[in-house]
Amino acid sequence: MSKKKPEAGAGAARKSDGGDGDAGVQAPPPEQVYAAELDFLARWDDGPRPPSWKLTPRAAVTFIVGSEDVLRAGGTAVMINEKFVGERSLVERCVVTLAGERGLLLVGEPGTAKSMLSELLAAAISGDSSLAVQGTAGTSEEHFRYGWNYSLLIAKGPHPEALVPSPVLTAMRRGAVARVEEITRCLPEVQDALVSIMSDRRLAVPELGALEPARRGFNVIATANLRDKGVSEMSAALKRRFNFETVAPIADAVRETELVRRRATQIVGEAGAPLAVDDAVLEALVTVFRDLRLGRTVEGWPVERPSSVMSTAEAVAVASSMGLAATYFPGDRDVARLLPEYLLGVVMKDEPRDRGKLLAYWDASVKRRAEGDARLWKALHELRRVLE
Ligand SMILES: Nc1ncnc2c1ncn2[C@@H]1O[C@H](COP(=O)(O)OP(=O)(O)OP(=O)(O)O)[C@@H](O)[C@H]1O
Ligand SMILES: [Mg+2]
């Protein structure tokens, strides 16, 4: 789907670019950024929905992967822009899993948009992506269950008002989707707090002699990073409560370049400027990222992979930094000259000795391209000393 989509339904299309939320807020949630689209999609497809869902499964998938054509409902015509770049079938499977009230675990390399996909799913299904628990080594059972407001507890004793619900308990009460980020970073015994919630669909509060039942529609989307403590170490009981979906890096170079351009344009746009990095430079940037990620160039030449993750998210970060540099320091130097320095920063994140791998890539692949008649690759090759 590399074709450019025409913009229609101006209001919604403008929102889709993500820059139209509250100008003072850094990262408004998708239900806010895309409020107009969500509202439209709820009217567009009024077919049967799973209990508590704001959208039908079909409308939820359309929200995430975009519409091929202009959609019409009640006199409005709206083009839904693509947000997650990936297989439609993957998003469909995610939605079906959730409609069947089974947990969904998104696994994959860092920077493949697992968190973004989980937020988009929660926004589409429940209209709220904020019911989230961030998994860390310090996450405790309370984060999945409930805590207490101690001043109220001391003043009144155990009392429903003194109970502080976790985001998961709030989701159970509302019949909404709770998100658990980086679930494998939590200790196994803490992960197990979710097992009873997900199988019994209720939560016991012994202090109050109460049982909190989950309303229909309650569900959990978790994400796990393959570079962290492995999914294999996740408790077997918990694994059985989730359907696993692997989120892979973007397969198609053209779509990846388009996404990098779109996100960098948006980020630089927030600084009030157009993206001053031309298409050839963006293409070269994405090419280098993909070559190093895949261990093979587009031409089929072998490449030694650095241990750092050459993710799309990192490519977006480099493209935006180059764009911001061009905005704030215009005319200082050709923006393409910044590429090797930023690349080196990414490559050396995990292993400083990987500088050698980037140099080897420059001496083999970049050099061979420079020997052709590609001007940009010639210029990049001449910048080799920056990498030394
Ligand atoms: N397939 C994709 N579709 C859309 N955006 C993507 C895609 N892959 C990467 N991105 C970009 O990468 C950014 C980071 O994604 P996100 O934080 O959701 O990744 P993640 O997989 O959760 O990473 P981590 O494992 O580090 O938590 C997104 O905001 C988006 O700009
Ligand atoms: Mg994440």
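## Around ligand 1

In this predicted model, the side chain of lysine 114 places an N or O atom 2.6 Å from an oxygen atom of ligand 1. Serine 115 does something similar through its own side chain, where an N or O atom is 2.7 Å from a ligand 1 oxygen. With methionine 116 it is the backbone that takes part: one of its polar backbone atoms is 2.8 Å from an oxygen atom of ligand 1. Taken on its own, ligand 1 has 640 Å² of accessible area, and the protein covers 82% of it.

If you would like to look at the whole shell, there are 17 residues around ligand 1, and those that come nearest are Val85, Lys114, Ser115, Asn225 and Arg263. By character, the shell holds eight nonpolar, five polar and four charged residues. Three helices each give it at least two residues: H6 (114-126), H12 (253-270) and H14 (312-328). H6 provides the largest share, with three residues.

## The nonpolar cores

Let us turn to the packing of the protein. The largest nonpolar core has 39 residues, and the members that touch the most others are Leu285, Met322 and Leu358. At least two residues of this core come from each of H12, H13 (279-294), H14, H15 (339-347), H16 and H17 (375-382). The largest share, eight residues, belongs to H13. As a general backdrop, nonpolar side chains in soluble globular proteins tend to be buried together.

Leucine 358 is a good residue to display here. Beyond its neighbours up to four places away in sequence, leucine 358 touches Leu292, Leu343, Leu344, Val347 and Leu387. There is also a second, separate core of 35 residues, with Val33, Leu38, Trp53 and Leu104 among its members.

## Arginine 369 and threonine 297

Which helix holds arginine 369? The residue is in H16, which spans residues 355-371. Arginine 369 has a relative accessible area of 7%, so it is buried, the cut-off being under 20%. Its side chain makes a polar contact of 3.2 Å with the side chain of tyrosine 361. Setting aside residues up to four places away in sequence, arginine 369 touches Thr287, Asp291, Thr297, Val298, Glu299, Trp301, Tyr361, Ala374 and Trp377.

Threonine 297, one of those partners, sits in the loop between H13 and H14. Is threonine 297 buried or exposed? Its relative accessibility is 2%, so threonine 297 counts as buried. Apart from neighbours within four places in sequence, threonine 297 is in contact with Asp291, Val303, Tyr361, Ser365 and Arg369. Asp291 and Tyr361 therefore appear in the contact lists of both arginine 369 and threonine 297.

## Isoleucine 197 and alanine 99

Isoleucine 197 belongs to H10 (residues 188-200). This residue counts as buried because its relative accessibility is 0%. Although isoleucine 197 and valine 168 are 29 residues apart in sequence, their C-alpha atoms are 9.0 Å apart in space. Val168 is also one of the residues that isoleucine 197 touches; leaving out residues up to four places away in sequence, the others are Phe144, Arg145, Met172, Arg202, Leu203 and Phe218.

Alanine 99 is in H5 (residues 88-99). Its relative accessible area is 29%, so alanine 99 is partly exposed. From alanine 99 to glycine 217 the C-alpha distance is 8.0 Å, with a separation of 118 residues in sequence. Not counting residues up to four places away, alanine 99 touches Pro50 and Trp53, and Trp53 is also a member of the second core.

## Two glutamates with positive phi

Most residues other than glycine have a negative phi. Glutamate 101 is worth a look on that account: its phi is positive, at about 60 degrees, although it is not a glycine. You can find glutamate 101 in the loop between H5 and strand E3 (103-108). With 25% relative accessibility, glutamate 101 counts as partly exposed.

Where does glutamate 182 lie? It is in the loop between strand E7 (177-181) and H10. Glutamate 182 also has a positive phi, of about 50 degrees, without being a glycine. Its relative accessible area is 12%, which means that glutamate 182 is buried.

Conventions: Residues numbered from 1 in each chain as written. Chains lettered and ligands numbered in written order. Predicted model: local features only at pLDDT ≥ 70, side-chain atom pairs only at ≥ 80, totals over all residues. Heavy atoms only, no water. Helix = DSSP H or I, 4+ residues; strand = E, 2+ residues; numbered from the N terminus. Buried < 20%, exposed > 50% of the residue type's maximum accessible area, 1.4 Å probe, protein only. Polar contact = N/O pair within 3.5 Å; in protein donor to acceptor, adjacent residues only side chain to side chain. Contact = heavy atoms within 4.5 Å. Near = heavy atom within 4 Å. Areas by Shrake-Rupley, 256 points an atom, 1.4 Å probe, with all protein chains shown as cover. Nonpolar A, V, L, I, M, F, W, Y, C, P; charged D, E, K, R; others polar. Core = buried A, V, L, I, M, F, W, Y, C linked by side-chain atoms within 4.5 Å.
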